[in-house]
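User: I have a multi-chain model open and would like to talk through its interfaces and sheets. Could you take me through them?

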Number of protein chains: 4
Amino acid sequence: LNLCRNPFTKLQEQLIITVLGASGDLAKKLVYPALWDAYRFDSLPEDTRILGYARSKLSHEDLVERFKPQLKVNGDDDEKKRDSFLESLDYIHGQYDEAKSFKKLNEHIESMSQAKTVNRMFYIALPPSVYKDVTEQLSNHCQAKSGFTRVVVEKPFGKDLESYQDLNAHMSNLFAEDQIYRIDHYLGKEMVQNLLALRFANRVFEPSWNRHHVACVMLTMKEDFGTQGRGGYFDEFGIIRDVMQNHLLQMLTLCAMEKPVSTGPDDIRDEKTKVLRCIKPLKIEDTVLGQFVGNPEGESEESRKGYTDEEDVPNDSNTPTFATAVFHIENDRWEGVPFIIRCGKALNEKKAELRVQFRSVPADIFGNSTRNELVLRVQPDEAIYLKVLVKEPGASSEVAQTDLDLSYKCRFGEQRIPSAYERLIVSAIKGNSANFVRSDELEQAWRIFTPILHDIDAGKVKPKTYKFGSRGPSEADDLVKKHNFSYAAYEWSQCHDQCK
Amino acid sequence: LNLCRNPFTKLQEQLIITVLGASGDLAKKLVYPALWDAYRFDSLPEDTRILGYARSKLSHEDLVERFKPQLKVNGDDDEKKRDSFLESLDYIHGQYDEAKSFKKLNEHIESMSQAKTVNRMFYIALPPSVYKDVTEQLSNHCQAKSGFTRVVVEKPFGKDLESYQDLNAHMSNLFAEDQIYRIDHYLGKEMVQNLLALRFANRVFEPSWNRHHVACVMLTMKEDFGTQGRGGYFDEFGIIRDVMQNHLLQMLTLCAMEKPVSTGPDDIRDEKTKVLRCIKPLKIEDTVLGQFVGNPEGESEESRKGYTDEEDVPNDSNTPTFATAVFHIENDRWEGVPFIIRCGKALNEKKAELRVQFRSVPADIFGNSTRNELVLRVQPDEAIYLKVLVKEPGASSEVAQTDLDLSYKCRFGEQRIPSAYERLIVSAIKGNSANFVRSDELEQAWRIFTPILHDIDAGKVKPKTYKFGSRGPSEADDLVKKHNFSYAAYEWSQCHDQCK
Amino acid sequence: LNLCRNPFTKLQEQLIITVLGASGDLAKKLVYPALWDAYRFDSLPEDTRILGYARSKLSHEDLVERFKPQLKVNGDDDEKKRDSFLESLDYIHGQYDEAKSFKKLNEHIESMSQAKTVNRMFYIALPPSVYKDVTEQLSNHCQAKSGFTRVVVEKPFGKDLESYQDLNAHMSNLFAEDQIYRIDHYLGKEMVQNLLALRFANRVFEPSWNRHHVACVMLTMKEDFGTQGRGGYFDEFGIIRDVMQNHLLQMLTLCAMEKPVSTGPDDIRDEKTKVLRCIKPLKIEDTVLGQFVGNPEGESEESRKGYTDEEDVPNDSNTPTFATAVFHIENDRWEGVPFIIRCGKALNEKKAELRVQFRSVPADIFGNSTRNELVLRVQPDEAIYLKVLVKEPGASSEVAQTDLDLSYKCRFGEQRIPSAYERLIVSAIKGNSANFVRSDELEQAWRIFTPILHDIDAGKVKPKTYKFGSRGPSEADDLVKKHNFSYAAYEWSQCHDQCK
Amino acid sequence: LNLCRNPFTKLQEQLIITVLGASGDLAKKLVYPALWDAYRFDSLPEDTRILGYARSKLSHEDLVERFKPQLKVNGDDDEKKRDSFLESLDYIHGQYDEAKSFKKLNEHIESMSQAKTVNRMFYIALPPSVYKDVTEQLSNHCQAKSGFTRVVVEKPFGKDLESYQDLNAHMSNLFAEDQIYRIDHYLGKEMVQNLLALRFANRVFEPSWNRHHVACVMLTMKEDFGTQGRGGYFDEFGIIRDVMQNHLLQMLTLCAMEKPVSTGPDDIRDEKTKVLRCIKPLKIEDTVLGQFVGNPEGESEESRKGYTDEEDVPNDSNTPTFATAVFHIENDRWEGVPFIIRCGKALNEKKAELRVQFRSVPADIFGNSTRNELVLRVQPDEAIYLKVLVKEPGASSEVAQTDLDLSYKCRFGEQRIPSAYERLIVSAIKGNSANFVRSDELEQAWRIFTPILHDIDAGKVKPKTYKFGSRGPSEADDLVKKHNFSYAAYEWSQCHDQCK
């Protein structure tokens, strides 16, 4: 996890970052702002150039107009810095499937190259339909002569095991595994990156972190909005492919993995892959799927509409917008401990968190069986808290639930938390692949989900309906209870609220 | 620990509390104020009468004048309540060694008795010189005919094993063990009472609470003032008899004991006694003793004076005002884990706390060996916090020390924390002896300390000098380091400070 | 367990053992032979005298004739020794409820007394009907003036909680707890005495000896014969009172107890009592009771008869001759681990053993889920063996079940194993009460069994029938399986069989 | 470890085994006898042909004469079988560095090929000097067209890290890793193959198998003879390269490794490699080296000669014939537990064993601190035994040391134990590489030993002398004691001796 072990310090070298799909939404909203933040807080190598590439013909003015509103500033110095950042942006247009265009791209990069060693990073911000073409062209025409060539790619990496294997076979013919940086932006989040530190830099949690003491682990990612106009795109994938098979499964492996030999990327990913190998394919009886319908009493117009009411979503869509699934890790540490993932859209709240619930105290002498929990709140309001019981303060001698707390806003108020994209781009530049997904991890992830995905795609499983703004289908709560999660009324609140 | 399991609810009964030594300092400063608070917050049985007894002839006006300033009120209602409390106080005078006086006392109590069942509690707020006489008289003349007779006694309980055994033989001839309530007021403190709840109502700490994971346990009680005019009295006892052999050793047993079969008083004290039985007598080489000298640069006049400068303290006094001692509990849970007690007067700060320091992470992969600690702050500012390492927030990937925190002031700001005396008196009334010291515990405690106390008394061990306002003799820090306590620069601060 | 810690070495003292009921069966078959063996192997104090007391008038010749055939000898020296042992036996007759007789007994003992200190041990080998009278008379008239007075008593100690408490109240008025030696002869057996050594002198078993690793514990005591003419006596008690409430429950506590502070008798019995306190009263649904019927195909005449066919047993007797019961110890170590006791008469084999069955290996990679077991065979053929899996020897790479073995006959062939009675009498003489049952243990034991015993006595529960020579009712096997005991075909054999 | 998971069952296929170096000693003494045993006990695929290859021109009669005396038979049937085995042996001669010869070899193999699929296994029984040539030729000219091509190679694999890496680079250019079967014949031994079964198929050992409970692990390989005429060869390598860096280190990793995800070869070797990565290079202060000198009082002539007295060994040889070394595995399971390897020639006995010594019982109440040990005796007389303490049988209540035992000769007397070579050859045929050494394991092994080997080679470290027939240098015993190994007088004996 030490991103800095092999820092990119050879500043005499040059780095040319090419964003493929520079005219698209991802580039505008995430990639360029992350590059800007990296630049603004001095995390880019000194001599870095950024080149956009897309099919559209865009002038430099178009670029500036497009990106400027997305780049946050804080004060005059920042404004000046932004102007020079925007000024420096380069762009050429070309096709995605044509050797000629990529030869031109290569020439353009060469024309920008001034150092002896020129490293190249290609950020592929493009839809899956052009992946294969683009990567083939890059491999054939745009590899660095001196320095590294790296490609950063984003999901979707296939739609099931077969399509992934096909894609991977294609990629591995073109690039070595260590040239490919597969982004799962959850791996760039502060609290997710914190997981290994919390587990392995502390002595106090380790003795409890196993099936003898953990009752279950719950990973939650709830959104309080629907598909927001992207229903057509979403309908092709569904919630499992959208967030469960990647973001949440990644968190699960970090929570469950054995201690790696070192913080080196492959040591970490070896252990993550071992966890996945111990998980059997997900079964229907271990899942509850849901699809939201409008809530007639909803306050907003959005909430009164259901998923299939959205334009581009077929009326008879079988696509789940909600899923709860229970995973069993068959190894020494976790046998018998359910790992529960819950995720969905159009729910009652917006949050992502990891909750390790400990077993009840055996032979309890206090008559209060509320369980301990260690909670990592990923968003919003990053926090770690440990729910414990203490003697009720005062004259009482009953025990009562409270928590030991670490709220980031309260504790580290002034500390800037970089965005996931900024972190990951900087990591890729540094060659630290620990927070990128390795090919065998993805293969295992697809192995686990492919059977149920095929069943869903084939209409063999039907999602339950649930109202916009609800907790999801009640069957999901039943499933969770059945798997040894015990709800206890408790509302964590950030300390700064209490201290006002 | 459930003080309320057998509450004193038979309100048709009557309770008569007799405070022996009612004209003394202890009665004025602690006993009567505690009785008032118990009354004020409705913790006394409905029909309770309080009777003072002492040698002085005091009128009711004298009583009111004496006690009124000590009884805190908050608002008009309280004032009225206090007036009626004061009004109700009764008093008679008599000798401490004279049957006649105690017969008179008994008659007086009988004259106050109106219910069928009249319970009697005798609070002996008297110096040791009259213990034996008073308890003999009480036993002979003042036992209740119906209802219980209980005597509440305070340290000192002897000066060493022999004198304690002598005293105990005397007492056990007069009263059954379950009639005797030996006060150690530390057992009435919120955080001390919390210890068993924290340990046994939570699952998460238990797996780490043993020699495999704990490096050492440190109990600290530091005062930033000297003997404040009580030097003459103090010189007879010294710091070990004053706080280590009782308050701190009691905390140690609560921290170290096995889980009791129930929260019943004897189950708890059985386990506490077992801990003490596993401790060998304290050796000189496991201790550092100190005696403070004046600090010429001290700001206050007090701080420029040394211990022997105080009136009533002999110039060549060998009495320690500071002690650090290392205890070894030879049982399965704790073999090899040093329990370190540090206490002293005229030090650099005022605090009492329990610190469980966990071992370093084996085969650390993060290169930061700072240890986890669970800290219970007893005073001031009650708190529990767990020192942990997290990824340094932000772009860094180093780990850094912080804590999971539970500050009572911040969390339970409005909740009244009763005083130790109030709690214990109410417990004694309820017949809950869990927080009182049993005779076999005391015997064991004296067994542990008697050899070194005799060596000190005989001048075979000399305390090192240390300056008023310092950390104590530097040899104490060496001893602590030698026994596997690892200091790490870290300043815990209450959240309310950060949130201002 | 160190029976020798306080050896009886003051040989200048004299010991007079009085056997009350000297003319009875117990005296003939067990007490006198045990005394003889103790004498023969030099375990009695040098100056020991043995005095018989009973109602019958017996001459010295009668005594010799009665006891001689019971006293085993080995060679001529032994024969001579036996003659002098027999020669030395003394006897007087008297009533059991008459002061006069006991005054006479006292005078007789005094007439035998020659040393300054004369210790007295009274072995009460009498039926319960005269217990109270005899103990009262002994207390009033026969206590030693110098030296100790001890009484050794045998079950039955009451028939339920109430009758036990009544008996105990009687006894505790007459003798101090440390004067009373309650025999449970199972506590004198080699392998039972071995239990604490095996558990607490070895490091290797301790980490597995708890609910995380033990699936269940099974205690078995099977007899392959029926009531053998003692049916009338047995019918009053039944199998639970006969062996489960005492012998087998005692073994259970030794297997389950926490490590004591020392091997001192009260430290051991404190921990045993704590185990019993954590066991709830036995419920009907946790038991299967049985009563044997004749097996028409049985080879012996005995086996063709059922329990109620025996003279003195009522035809409609509801008394169980077989019981399987499941106990739950609600403490940290054992919560969730069933302790199963099986016992019965007229079964398919004769053996007594303790079987600790470990849980299955989690996430087994060898595909053989046979469980480890640690077995202590109490009788016949004392042994300890640990069932383990090894690679099948030879070319195969499968794993197969075998055991690590310690057969006493094979290993310690020449070593004499004293009888339980001999051991216990010698212990009582030495004042080592560790292997005698303390009053609070018995109280707890009766608490556990009294409700179900009352239900049986009242005919609310009916035993199932089972054939003489069978495994008992099949419902018992179902109960055992339900409580996580897993049978695996395996026949342990003593190494000496293999090595022939 | 399930060698049979992927059995070679496609008997329609053909297998041609070519032994390169067929005229040499290794072939004669180990390879052909192992092939014969595999054939004799039906472990070879049905259609297997064996072809010898060497420089010498040998007739079929030469072959028969050469091999027949080495091939054991038991009865007439065996004799007939052997005759047909010998009859079937084929042989051609050729050079080791000449394309022409290998083309001829290839043609010969082709001429033997009759099935559609013909698998080829090349057993390279040749000195290191011709490795590179032979493997290059094989790769270029002798790979199978259909079916697999596998090469079986034997140590030495280089002399240090650099030479190994050179050799490995050469090999990995010629063959894929899964074509190369590096033999360490210790991995073919019954008890070594048993290690993983014992550890991972049993529940009872796992909880103790870690630094909390293990005091140290000792691996021993002692020979009671010297270099027996092979001193010249031995002098080039020394004891560390001869047995420690391979055989004993392999056993160490099997003893120390984490549980693999499956018994698949790469899962096992992944975990073995992880252990090696956690071991720092061996330091001089953690070793004692020795070289034997003649014992003037020795009975045999051999024993009166020292190492340097042997012909071919230089008088000033610095080569160790004995080494004790302490290894530290820096991971969660083993930090702080010394792994001690002892090996040497010309010592007092001949045995190889693995000894896991458990820590002393904490807070021992029996006053006997003898430690538990689990011993795997590899040779002679395979056995597993667990040293435990029990109550001394009989009247004593002391505890005494004995063991739970599993002697293979006693228990599985009739069961044939195949030789290591036979097992490994059969495994290689089946494609089970679990018991062969993977390239990364070897790299790690050399990393650990290279610095000290270079120091020895450079004469910077001098071996201590020790007498032929002694325990080795006394400094070795000191080192062992210093690293927490505690000797206890105890002589294990096979049960069959006791039962005679």
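Analyst: We can go through the contacts between chains and then the sheets, bearing in mind that this is a predicted model.

User: Start with chain B and chain A, then; how many residues does each bring to the contact?

Analyst: Chain B brings 68 residues and chain A likewise brings 68 residues, and the area buried between the two chains is about 5800 Å², with carbon and sulfur atoms giving 61% of that area.

User: Which three residues of chain B supply more of its buried area than any other three?

Analyst: Those are Arg203(B), Ile365(B) and Leu404(B), which supply 14% of the area that chain B buries against chain A.

User: And how many salt bridges are there across that interface?

Analyst: The rule finds four salt bridges between chain B and chain A, and one of the pairs forming a salt bridge is Glu190(B) with Lys391(A), where the closest N and O atoms are 3.4 Å apart. Residue pairs in polar contact between the two chains, counted where both residues are at pLDDT 80 or more, come to 33.

User: Which helices and strands of chain B supply at least two residues each to the side that touches chain A?

Analyst: On that side of chain B, at least two residues each come from helix 7 (190-200), strand 13 (383-391), strand 14 (399-407), helix 11 (408-411) and helix 15 (495-498). Helix 7 of chain B gives the most, with seven residues. By class, the side of chain B that touches chain A has 37 nonpolar, 17 polar and 14 charged residues.

User: Now chain A against chain C: how many residues are in contact there?

Analyst: Nine residues of chain A touch nine residues of chain C, and the area buried between these chains is about 770 Å², of which carbon and sulfur atoms give 56%. His212(A), Pro362(A) and Ala363(A) supply 61% of the area that chain A buries against chain C, which is more than any other three residues supply.

User: What about salt bridges and polar contacts between those two?

Analyst: The count of salt bridges between chain A and chain C is zero, while three residue pairs are in polar contact, with both residues of each pair at pLDDT 80 or more. The side of chain A that touches chain C divides into two nonpolar, three polar and four charged residues.

User: Switching to sheets, what is the strand order in the open sheet of chain A?

Analyst: Six strands form that open sheet of chain A in the order 3-2-1-4-5-6, and the pairing is parallel. Strand 3 (90-93) and strand 6 (180-183) of chain A stand at the edges with a single partner strand each, so one side of each is left without a neighbour in the sheet. From one strand to the next, the twist averages 20°.

User: How many bridges join strand 2 of chain A to strand 3?

Analyst: Four bridges join strand 2 (residues 48-54) of chain A to strand 3 of chain A, and the two strands run parallel. Within strand 3 of chain A, His93(A) is the bridge partner of Ala54(A).

User: And what does the open sheet in chain C look like?

Analyst: The open sheet in chain C has six strands in the order 3-2-1-4-5-6, with parallel pairing. Strand 1 (residues 14-20) and strand 2 (residues 48-54) of chain C pair in the parallel sense over six bridges, and Val19(C) has Gly52(C) in strand 2 of chain C as its bridge partner.

User: Which strands of chain C does helix 4 lie across?

Analyst: Helix 4 (residues 99-112) of chain C lies across strand 1, strand 2, strand 3 and strand 4 (118-124) of chain C, and runs at about 160° to strand 2 of chain C.

Key:
Residues numbered from 1 in each chain as written. Chains lettered and ligands numbered in written order. Predicted model: local features only at pLDDT ≥ 70, side-chain atom pairs only at ≥ 80, totals over all residues. Heavy atoms only, no water. Contact = heavy atoms within 4.5 Å. Buried area = accessible area lost by both parts, 1.4 Å probe. Salt bridge = Lys/Arg side-chain N within 4 Å of Asp/Glu carboxyl O. Polar contact = N/O pair within 3.5 Å; in protein donor to acceptor, adjacent residues only side chain to side chain. Nonpolar A, V, L, I, M, F, W, Y, C, P; charged D, E, K, R; others polar. Pairing = 2+ DSSP bridges. Axes fitted to C-alpha atoms, helices over the stretch in contact; angles between N-to-C directions.
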